[in-house]
Amino acid sequence: RLVFQVVCAGVVVWTVSGCGNEVTPEDRLKSKGLISVAMSAAQRGDLDSAATILTSALRLDSTNAEAYYRLGMLQEYLGDPESAVTQYGSALRHDSTHAAAALNQGQLHGRKGEYDEALARFDQALRHSHDDDLSALAHYCVGLTWGIRGDAVRAADAYEDATQADTTFAR
């Protein structure tokens, strides 16, 4: 099962540093609600609107890890892995338990040959995942990474862990 991933063309990497303003509960709730609206726009193919809405969510709550994660997915989808890594990193700074952000960031590090960083992110994803599919995929990525590094034993162990996390994974 793949997670729906989209991003908007022309998304500017937009990060918000602490402005000293407390986020009100109302703004936090509005920000979370905008994520669903953004994903609906993305599913309709309106990626520009999706990005704009996610940016609005971050203006309301600059600590909204899910909004950063979704922006990262959009940027990755549009072929901007560097911006995606930045957004996933922002998500993880605001919520170190965001397993999907850690997994996606790890995959991008792995593609760049940054295997130590990739393994660290996969480990982070596994420590915080409560989803069998995500855990299986993280174990599989660990196996791929160890295989690339030439450690067949660790790779095989990780592949076995992937099938144990989700018994349908091997099919």
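Trainee: Is arginine 111 buried or exposed?
Mentor: This is a predicted model, so the label rests on computed accessibility. The cut-off for exposed is over 50% relative accessible area. Arginine 111 has 60% relative accessibility, and therefore counts as exposed.

Trainee: With which residue does arginine 111 form a salt bridge?
Mentor: The closest N and O atoms of the pair are 3.4 Å apart. A salt bridge needs such atoms within 4 Å. The partner of arginine 111 is glutamate 76.

Trainee: How many residues apart are arginine 111 and glutamate 76?
Mentor: The salt bridge between arginine 111 and glutamate 76 links distant parts of the chain. Arginine 111 lies in helix H5 (residues 99-111), while glutamate 76 lies in helix H3. The two are 35 residues apart.

Trainee: Does glutamate 76 count as buried or exposed?
Mentor: Buried means under 20% relative accessible area. Glutamate 76 has 15% relative accessibility, so the label for glutamate 76 is buried.

Trainee: Which helix holds both glutamate 66 and arginine 70?
Mentor: The side chains of glutamate 66 and arginine 70 meet in a salt bridge, at 2.8 Å from N to O. The two residues are four apart, about one turn of the helix. That helix, at residues 65-77, is H3.

Trainee: Which label does arginine 70 get, and which does glutamate 66 get?
Mentor: The cut-off for buried is under 20% relative accessible area. Arginine 70 has 18%, so arginine 70 is buried. Glutamate 66 has 25% relative accessibility, and therefore counts as partly exposed.

Trainee: Which residue forms a salt bridge with arginine 154?
Mentor: Arginine 154 is partly exposed, because its relative accessibility is 42%. Its partner is partly exposed too, at 24% relative accessibility. The closest N and O atoms of the bridge are 3.8 Å apart, and the partner is aspartate 151.

Trainee: Which residues are joined into one network by salt bridges that share partners?
Mentor: The structure holds nine salt bridges. Some of these share partners and make one network. Its members are Glu82, Lys112 and Glu114.

Trainee: Where is lysine 112 found?
Mentor: Lysine 112 is partly exposed, because its relative accessible area is 39%. Lysine 112 and proline 81 are 31 residues apart in sequence and 9.7 Å apart in space, C-alpha to C-alpha. Lysine 112 itself is found in the loop between H5 and helix H6 (115-128).

Trainee: Over the face of which residue does arginine 154 lie?
Mentor: Besides its salt bridge with aspartate 151, arginine 154 sits over an aromatic ring. The distance is 4.2 Å from the ring centre. The ring belongs to tryptophan 146.

Trainee: How many aromatic pairs are there?
Mentor: Rings pair if their centres lie within 6.5 Å. By this rule the count of aromatic pairs is two.

Trainee: Which helices do tyrosine 69 and tyrosine 88 lie in?
Mentor: Tyrosine 69 and tyrosine 88 form a tilted aromatic pair, 5.9 Å centre to centre with 40 degrees between the planes. The pair links distant parts of the chain, 19 residues apart. Tyrosine 69 is in helix H3, and tyrosine 88 is in helix H4 (residues 81-94).

Trainee: Are tyrosine 69 and tyrosine 88 buried or exposed?
Mentor: The relative accessible area of tyrosine 69 is 3%, so tyrosine 69 is buried. For tyrosine 88 the relative accessibility is 0%, and therefore tyrosine 88 counts as buried.

Trainee: Tyrosine 140 and tyrosine 159 also form an aromatic pair; how far is it centre to centre?
Mentor: This pair is tilted, with 40 degrees between the planes. Tyrosine 140 is in helix H7 and tyrosine 159 in helix H8 (residues 152-165). The distance centre to centre is 5.6 Å.

Trainee: Which residues make the nonpolar surface patch?
Mentor: Tyrosine 140 counts as partly exposed because its relative accessibility is 33%. Tyrosine 159 is partly exposed, with a relative accessible area of 31%. The patch covers about 240 Å² and is made by Tyr140, Leu144 and Tyr159.

Trainee: What does the secondary structure of the protein come to?
Mentor: From the N terminus on, the elements run α-α-α-α-α-α-α-α. The secondary structure therefore comes to eight helices and zero strands.

Key: Residues numbered from 1 in each chain as written. Predicted model: local features only at pLDDT ≥ 70, side-chain atom pairs only at ≥ 80, totals over all residues. Heavy atoms only, no water. Patch = residues over 30% accessible without salt bridge, like charges linked within 9 Å, V, L, I, M, F, W, Y side chains within 5 Å. Areas by Shrake-Rupley, 256 points an atom, 1.4 Å probe, with all protein chains shown as cover. Buried < 20%, exposed > 50% of the residue type's maximum accessible area, 1.4 Å probe, protein only. Phe/Tyr/Trp six-rings, centres within 6.5 Å; stacked < 30°, edge-to-face > 60°. Lys NZ or Arg CZ within 6 Å of the ring centre and 35° of its normal.
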